[in-house]
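Grab a pencil and open the viewer. Here are some short exercises to work through, each with a solution you can check by eye.

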Number of protein chains: 2
Amino acid sequence: MPLKIGDLAKATGTQVVTIRYYEKEGLLRQPERTGSGYRLYSEDDVERLHFIRRCRQHGMNLAEIRDLLAFRDSPAPSCAWISELVEKHIANVQAQIDSLLTLKAHLEALRGTCSGDHGRGCGIIDSLGHGSSCPCCEGLHCRLERRQGER
Amino acid sequence: MPLKIGDLAKATGTQVVTIRYYEKEGLLRQPERTGSGYRLYSEDDVERLHFIRRCRQHGMNLAEIRDLLAFRDSPAPSCAWISELVEKHIANVQAQIDSLLTLKAHLEALRGTCSGDHGRGCGIIDSLGHGSSCPCCEGLHCRLERRQGER
DNA sequence: GCTACTCCCTATAGCGGCTATAGGGTCAAG
DNA sequence: CTTGACCCTATAGCCGCTATAGGGAGTAGC
């Protein structure tokens, strides 16, 4: 009992359009069709699409997934590149985490400069002197202060 | 001594095309032009572009930056929304960090399943039983193992 | 049979934030 | 007077979808 595209979509938590997109991109093979042109999928396709979705959740792009699928379809003697791929992703993810932690610190410094107390104009302006504690945010506050002063 | 677009690019570490893009998107105002149509910028434009780039580094999108620029140009009585914006971004960034930490743990579990030792086929396959320690990665390894066994 | 409804099809355009390409004009130095 | 670095506009492409338009297929109830 083959699945129609909507069934495959439900089974994998994927949007119908996304399935067609993966097919166009060569991640899913051309499925059989009914006489009226409806796509028909098997359990293998469910597995394959699950695999793809898991890879996507791991931050892999479609080209990488294509390579992994090719290996899955017919394993080559060497899979060293798979380890390298995973290694590369770990480094990549770590770099993103580091960058986001820095960003968060900056944003928290920014937040600290606006108390939300609007007794005299904007809290950001009130609470921030020219020498901001967060150099990367100076532009905003100094300008705000200057402008506010002009009114 | 006004700056040409290349000078502005260098002064702010921005690509020339990106500057023109920001202009088209209404983040930078239409600059003066020379007789031959070259854009001419002032120090104010340098500041403005620096501001934009800093916001981008803070993960803000162009629409948000447009709003901040509008405020910068003519501050409104209330700036509560600015705090809210920053707050929203902090939450957003934290969510991204959390998600990436989970992802990293998964990838490290994946890595652990391939020793790089290819004594008998793929290390991933050798080292991984059916009951993977990382449920989200099972698909890959079980399939790999099964396929390998078929050869 | 007819209608209503849900599903399916293809083709194309849009999103954000750039980046690249094509095809040309400007300007200063040698 | 040519070379080379810069500038211009307009348009298309990147990724991974998502949305829209305009239609056909299949099923249930009347």
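The exercises below deal with a predicted model.

**Exercise 1. Check the span of helix α3 in chain B against its number of residues.**

Step 1: Helix α3 of chain B covers residues 43-57, which is 15 residues.
Step 2: The expected span is 1.5 Å times one less than the number of residues, so α3 of chain B should reach 21 Å.
Step 3: The C-alpha atoms at its ends are 21 Å apart, so expectation and model agree.
Step 4: Just past the helix, look at B:Gly59, which follows α3(B) and has a positive phi near 80 degrees.

**Exercise 2. Which residues of α3(B) are buried?**

Step 1: The cut-off to apply is under 20% relative accessible area.
Step 2: The buried set is B:Asp45, B:Val46, B:Arg48, B:Leu49, B:Phe51, B:Ile52 and B:Cys55.
Step 3: Keep the helix geometry in mind: with 3.6 residues a turn, residues three or four places apart point the same way.
Step 4: Take B:Cys55 as a spot check: its relative accessible area is 8%, so it counts as buried. In chain A, A:Cys55 comes out at 7%, so A:Cys55 is buried too.

**Exercise 3. How many disulfides are there over all chains?**

Step 1: A pair of cysteine sulfur atoms has to lie within 2.5 Å to count.
Step 2: Over all chains, the count by this rule is zero.

**Exercise 4. Describe the protein surface around DNA strand D.**

Step 1: There are 18 residues around strand D, and the closest are A:Tyr22, A:Arg56, A:Asn61, B:Gly6 and B:Arg20.
Step 2: Of the atoms of strand D that come within 4 Å of the protein, sugar and phosphate make up 83%.
Step 3: Now go to the phosphate oxygens. A polar side-chain atom of B:Arg20 sits 2.4 Å from one of them, A:Tyr22 has a side-chain N or O atom 2.8 Å from one, and for B:Arg33 the distance from a polar side-chain atom is 3.0 Å.
Step 4: α2(A) gives the most to this surface, with three residues.

**Exercise 5. Do the same for DNA strand C: which residues come nearest?**

Step 1: Of 18 residues around strand C, the nearest are A:Gly6, A:Arg20, A:Arg39, B:Arg56 and B:Asn61.
Step 2: Sugar or phosphate accounts for 81% of the strand C atoms within 4 Å of the protein, and bases for the rest.
Step 3: B:Tyr22 places a polar side-chain atom 2.8 Å from a phosphate oxygen of strand C, and B:Arg56 does so at 2.8 Å. B:Leu62 uses a backbone N or O atom, 3.4 Å from a phosphate oxygen.
Step 4: α2(B) contributes the most here, with three residues.

Definitions and conventions:
Residues are numbered from 1 along each chain as its sequence is written. Chains are lettered from A and ligands numbered from 1 in the order in which they are written. This is a predicted model: local features need pLDDT of at least 70, side-chain atom pairs count only at pLDDT 80 or more; totals for chains, interfaces and linings use all residues. Side-chain values use heavy atoms; hydrogens and water are left out. Helices (H or I, at least four residues) and strands (E, at least two) are DSSP runs, numbered from the N terminus. Buried means under 20% relative accessible area, exposed over 50%, partly exposed in between (1.4 Å probe, protein chains only). A residue is near a molecule or strand if one of its heavy atoms lies within 4 Å of it. A polar contact is a pair of N or O atoms within 3.5 Å; within protein, one must be able to donate a hydrogen and the other to accept it, and residues adjacent in sequence count only if both atoms are side-chain atoms.
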